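This report covers two topics: backbone angles in loops, and the relation between two chains. Please look at the structure below before reading on.

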There are 2 protein chains.
Amino acid sequence: MAAAKTSKEKHQTVKAGIVVIGDEILSGRTSEKNVSYLAEKLGAVGIQIAHVRIIPDIEEEIVASVNDLRRKYSYVFTTGGIGPTHDDITAKAIARAFGVTLHRNAEAYRRLKEHYHSDDFSPVRQKMAEMPFGVVKLIDNPVSVAPGFVMDNVYVMAGVPEIMRAMLDGILPDLEGGNKITSKTISCFYREGEIAAQLAVIDKKYNRVAIGSYPYFRNGNFGVSIVLRSADEIQLQRAVKDVKLMIKDIDNKRL
Amino acid sequence: MAAAKTSKEKHQTVKAGIVVIGDEILSGRTSEKNVSYLAEKLGAVGIQIAHVRIIPDIEEEIVASVNDLRRKYSYVFTTGGIGPTHDDITAKAIARAFGVTLHRNAEAYRRLKEHYHSDDFSPVRQKMAEMPFGVVKLIDNPVSVAPGFVMDNVYVMAGVPEIMRAMLDGILPDLEGGNKITSKTISCFYREGEIAAQLAVIDKKYNRVAIGSYPYFRNGNFGVSIVLRSADEIQLQRAVKDVKLMIKDIDNKRL
């Protein structure tokens, strides 16, 4: 049946990689804030983050990571390194990753020139209009004007969280996701070892539900959150029911 | 002179990679908390984080990332996936990365058996004593007993931050770092474009100081933090002085 086929096709997941470019994260000076935000927003449109790399401001590292991930995943999102200073080398690295030259993007140049008074539009600021040859789509920057850009399936964004978020808002409507993944969390005060055997049985039973078990330790108490994720609502509901029954079963044995 | 040579040798940096294993981070459900902690603590003993990967609970992904990073860096630290549940596959993946089999580690088994009453020491908990063949060094777990382990230059730790931190405390004295990197931060209320040209000159002048420029945007105001990092105290002090002079210079032009 055509309808059934379409529905099955839609279940395919769309995966993305993230490349976080920034010495400040690797030195521990700054906590990484963009990954969880990206994961949440992209997940909501059916794009799953499959791999993240946090790398230093070194051209070879950016080239290697972007080339590796852009071939493996539908989308790659980079954050950081698109400003005017000497350590902002992302555009140059992306050009090299694609084997093209850097050149002045006319539209980016126009936006920057309009924003800065002609006195203030210095060579270092003009550098922010330098993009890989072949870029036709810019990513709007409503916060500080200097745009990001799209090169094939690679989305190049700012690292400052406020700017990255504004940029993401602009590109989200254009991204094509797969089926939305729904997630359910069930927490209990047992320890992982007490639920592991039965949980493994449930995990095997539902081939389209990813079941994760996340122990936590708070105020001297152990507990575990069981997270079930699936694009298949029916399987998900069944698996959730099984997990709840499993916990009830352990409760009863304890009484 | 021998003394000078030793001093120069000591300036070499020791680099490490981190592999964060966990679907919960990639789904956006949990914010990653271990990287900045590891970066800070390791940085303090002269070990620089050069590369981080956040990957899902998939054996092939763990094998590929661990093999890639352990050949490139002096140390690799992994977090996550060493518990008793079906999604805890790190030990198995590390064994495969090294081309060895999993086997029961006698000391880990002894610790776990002592901790759990014999009734409670179920097969899923016994699984936590399964480690790659060849492991001789365990990583103590003062929080929940189940130990991590060291395989060559790969340090396998828990993902729960409270446990990871306790494990790290135990291994820190054994790690050999290079020279300690000192970091100085100078903030100003200029925008990056206003300092970029002069900062690039300072960056070129000091070949042993890494200078990063981190713009921020808070309450509607832009600013930039300039971070200088080096194992060479003298070069660092000179570069800091130059940056301060640069800012004073811009201040004066503004008056």
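## A loop residue, Asp152

In this predicted model, A:Asp152 counts as partly exposed because it has 14 C-beta neighbours inside 10 Å; a residue is partly exposed when that number lies between the limits of 12 or fewer for exposed and 20 or more for buried. The residue sits in the loop of chain A between S7 and strand S8, which spans 154–157.

The backbone of A:Asp152 has a positive phi, near 55 degrees, and the residue is not a glycine. Most residues other than glycine have a negative phi.

## A second loop residue, Val145

A:Val145 also has a positive phi without being a glycine; the value is about 70 degrees. Its loop, again in chain A, runs between strand S6 (137–139) and strand S7 (148–151).

How many C-beta neighbours does A:Val145 have inside 10 Å? There are 16, so A:Val145 counts as partly exposed.

## How the two chains are related

Chain B can be superposed on chain A by a rotation of 180 degrees, with 0.0 Å of shift along the rotation axis and an RMSD of 0.0 Å. This is therefore the relation of a two-fold axis. Within chain B, the C-alpha nearest the axis belongs to B:Arg53, at 2.3 Å from it.

The contact between the copies uses the same surface on both: of the contact residues of chain B, 100% recur in chain A.

Note on methods:
Residues numbered from 1 in each chain as written. Chains lettered and ligands numbered in written order. Predicted model: local features only at pLDDT ≥ 70, side-chain atom pairs only at ≥ 80, totals over all residues. Helix = DSSP H or I, 4+ residues; strand = E, 2+ residues; numbered from the N terminus. Least-squares fit on C-alpha atoms with pLDDT ≥ 70 in both. Contact = placed C-beta atoms within 7 Å.
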